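Here are a few exercises to work through with the model open in your viewer. Try each one yourself before reading the solution.

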Amino acid sequence: MSAVTPAPPVQDVPEDHRTGPARSPSVSAAFSGTAFAADIGGTWVRMRTGGQDEPVERTPSPSRLRHPDRSVPRLRADLVDLLCDRVPAGARAALSFGAAIDHLTGTVYGSAPLWGDETAAYDVAADLRRRRPDVTWHLVNDVTAALLDFAATHAGPGIRRVAYLTVSSGIALRTADLEQRRIPVDDLGLQGEAGHLPVPLTDPGSDVLAGLPCECGARGHLASIASGPGLARVAERLGLSRPARVADWLPGALAADDPGARRLLELCAAPVAHLLRTMWCLDPHLDLIGIGGGVAEGLAGPYAAEIRRRLAAATSYADRGRDDVWLDERLMFCTPGQVDALRGAQRVADWLPGITR
Ligand SMILES: [Zn+2]
């Protein structure tokens, strides 16, 4: 998480809060000024000035996705220009980025939709601070922002820890401790980049998936199989005859009970179910998990049913299978629009003291 201090610095806010576990509760009062939030994705930048009820401005992203011909330095400069143009004077701005980001500093490690295969980390927060020192800038990853929105809208009283898992063009997970109001991160300011963990292929017949590439350049990752692009790779490995876009074909094929589509769903849902099972094994106080993102929301009912079917099966004394009542209370499959990273970004300031390593 970045807490880029404005000039002059806000009193009591550590210049570098890598070293401080938390700020005093009174600090949030120091963040006066107009609220500004932006959700920055590869396709659109959505911005809102003021409260949750104010209108949203949506503008095409200055991204590699939209401008394959533009250089990365130019795209980054265009983004900084756009944000600095829109943010009101003296505002407290919260930005949600569709990229792996150091939550402690605001450094962006990389984003294929925004900047292609550029691997050099980019300290966007520093650029924003240089250009607009009057503004207090906070940066989070869009999954973190989505978690904040999901937690605010769906975690009722008594929920101790809550997680949000996105299964989309990539796969990532964030967990918040509601009792301590914390989102712990590691030394790199990261948490839950689970899409880039090696995935065990233990299901009968799943060895067909061995060595599938991942967007990060490695092989055999969760995202190699279970993300949107992963779905297409698995379909190819299975030799399924299908239209170019698997995501468009699959829902209809599942509805028609196509055996190839069924197998594809099983193989792609299995490692996600395994991840959930592991999360609950390691953290019995993880009371609520939301699942969203384009793959989960697009496949909807059949995807939810397959994940639940797998979680219902006992695999050992440590994992005795979970019945419908248990799963109904703890696992929620989100519908499109139900979780909003822009709304979540607007809640970031409340969580700042708790986003620490
Ligand atoms: Zn990977």
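Four donors count as tetrahedral if all angles lie between 85 and 135 degrees. Donors are N, O and S atoms within 2.8 Å of the metal (3.2 Å for Na, K and Ca), and since water is not among the atoms, sites may look incomplete.

Some ground rules: this is a predicted model, where local features need pLDDT of at least 70 and side-chain atom pairs count only at pLDDT 80 or more, while totals for chains, interfaces and linings use all residues. Residues are numbered from 1 along each chain as its sequence is written, and side-chain values use heavy atoms, with hydrogens and water left out.

**Exercise 1.** Work out which atoms coordinate the zinc ion and what geometry its site has.

*Solution.* Start with the donors: His196 (ND1), Cys214 (SG), Cys216 (SG) and His221 (ND1) sit at 2.0 to 2.3 Å. Next, check the angles among these four donor atoms; they span 98 to 120 degrees, making the site tetrahedral. For reference, the ideal angle for four tetrahedral donors is 109.5 degrees. Then read the spacing along the sequence, which is H-x17-C-x1-C-x4-H.

Now for accessibility (buried means under 20% relative accessible area, exposed over 50%, partly exposed in between, with a 1.4 Å probe and protein chains only). Cys214 comes out at 7%, so it is buried, whereas Cys216 has 42% and is partly exposed.

**Exercise 2.** Find the strands that pair with β11 and decide whether β11 is enclosed or not.

*Solution.* Helices (H or I, at least four residues) and strands (E, at least two) are DSSP runs, numbered from the N terminus. Two strands pair if DSSP finds at least two bridges between them. Take β9 (residues 161-167): six bridges join it to β11, running parallel, and Val162 stands opposite Leu288 in β11. Move on to β12 (residues 331-333), which is parallel to β11 and joined to it by three bridges; here Ile291 faces Phe333. Finally, look at burial: seven of the seven residues of β11 (residues 286-292) are buried, so this strand is largely enclosed by the rest of the structure.

**Exercise 3.** Describe how α7 and α8 pack.

*Solution.* Fit the axes first: they are lines through C-alpha atoms, for helices over the stretch in contact, and angles run from 0 to 180 degrees between N-to-C directions. Helix α7 (residues 246-255) meets helix α8 (residues 259-282) at about 115 degrees, with the axes 9 Å apart. That makes α7 roughly perpendicular to α8 (65 to 115 degrees; under 35 is roughly parallel, over 145 roughly antiparallel, the rest oblique).

Technical notes:
Four donors count as tetrahedral if all angles lie between 85 and 135 degrees; four count as square planar and six as octahedral if opposite donors are over 155 degrees apart and all others between 65 and 115; anything else is irregular.
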